[in-house]
Amino acid sequence: MTPEPVNPPDSTPELPDGIQVTFPKGLLGFEQLTAFLLFEPKDGYPLKFLQSNENSDVSFICIDPVTVKRDYQVPLTQEEAEALGLEAPEDALILTLVVVPEDPRQMTTNLAGPLIINVRTRIGRQIILSSETYPLRCPILLQD
Amino acid sequence: MLVITRKPEQSIVIGGEVEVIVLGITKDGVRLGIKAPRTVEVHRREVFEAIAAENRAATASKVPVQDVAALLRAAQVRKPHTR
């Protein structure tokens, strides 16, 4: 086992210039869009940005859900792992989508519909978790 | 749409490998059992629609990602004091 690399907070080595990710089934509600660029926008740490190649109007702000819920886990079925070509857990990048309302302090992230991306095969998929497990609208900022 | 009347414990088979069984009927609803291969995803429609609605809401952000990120970074610095 190699030790976990320690990354300075202003870089994401796994996404130096972004990666092209294919979602064979699209995202729910956007099933026709399958090709996306995932990158960390300039001054965007700790967020990532998922931009459709096919429709410039479709993009998503993504966050590492562990920053919101420390014990967050996605139970993958064997079928889902196979569809992603996942062989090792460290190949899986887990992101959740951020919804930013008019008052951005009220932003939430959808923990019930995470994206799993195999960074090795660059195939992604939106997983549907049972709504009892994780909330659809989990507040990101602690409310005063 | 195909409409079929089924009684409790009766079932229908879809595509040869998916079976939907009526387990029971009460005044609150119908209990269904679904036998399907692992490759077939089975979800309540509301769950699908709720996630699709959140996806659509997520694309509608008018706030630049840098502004959102700045809010988050500021909050992270504050966290140790608020907890």
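1. A residue is called buried if 20 or more other C-beta atoms lie within 10 Å of its own. With that cut-off, buried residues make up 11% of the 83 residues in chain B. Keep in mind that this is a predicted model.

2. Chain B in outline. Its secondary structure consists of 2 helices and 3 strands. Read from the N terminus, the order is β-β-β-α-α. The strands therefore come before the helices, as runs numbered from the N terminus.

3. Overall dimensions of chain B. Its radius of gyration is 23 Å. A compact globule of 83 residues would come out near 12 Å. Along the principal axes, the C-alpha atoms of chain B fill a box of roughly 60 × 30 × 25 Å.

4. Contacts within chain B. Take the contacts with a separation of 6 or more. Residues 24 or more positions apart account for 0% of them. Set this beside the buried share of 11% and the radius of gyration of 23 Å.

5. Now chain A, starting with strand β4. This strand spans residues 59–63. It is mostly covered, with 4 of its 5 residues buried.

6. One partner of β4(A) is strand β3 of chain A, residues 48–52. The two run antiparallel and are joined by 4 bridges. A hairpin of 6 residues leads from β3(A) to β4(A). Within this pairing, A:Lys48 stands opposite A:Cys62 of β4(A).

7. β4(A) also pairs with strand β5 of chain A, residues 92–99. This pairing is antiparallel too, over 3 bridges. Here A:Ile63 has A:Thr96 in β5(A) as its bridge partner.

8. A:Thr96 deserves a closer look. It sits in strand β5 of chain A. Is A:Thr96 buried or exposed? A:Thr96 is buried, because 29 other C-beta atoms lie within 10 Å, and the cut-off is 20 or more.

9. Which residues does A:Thr96 touch, leaving aside its neighbours within four places in sequence? Its contacts include A:Cys62 and A:Ile63. A:Ile63 is also its bridge partner, and A:Cys62 is the residue that A:Lys48 stands opposite. A:Pro65 is a further contact.

10. A:Thr96 also has contacts later in the sequence. These are A:Thr109, A:Asn110, A:Leu111 and A:Pro114. A:Asn110 is 14 residues from A:Thr96 in sequence. In space, the two are 6.0 Å apart, C-alpha to C-alpha.

Definitions and conventions:
Residues are numbered from 1 along each chain as its sequence is written. Chains are lettered from A and ligands numbered from 1 in the order in which they are written. This is a predicted model: local features need pLDDT of at least 70, side-chain atom pairs count only at pLDDT 80 or more; totals for chains, interfaces and linings use all residues. The radius of gyration is taken over C-alpha atoms; the globule rule is 2.2 Å times the number of residues to the power 0.38. A residue is buried if 20 or more other C-beta atoms lie within 10 Å of its own, exposed if 12 or fewer, and partly exposed in between; C-beta atoms are placed from the backbone. Two residues are in contact if their C-beta atoms, placed from the backbone, lie within 7 Å. Two strands pair if DSSP finds at least two bridges between them.
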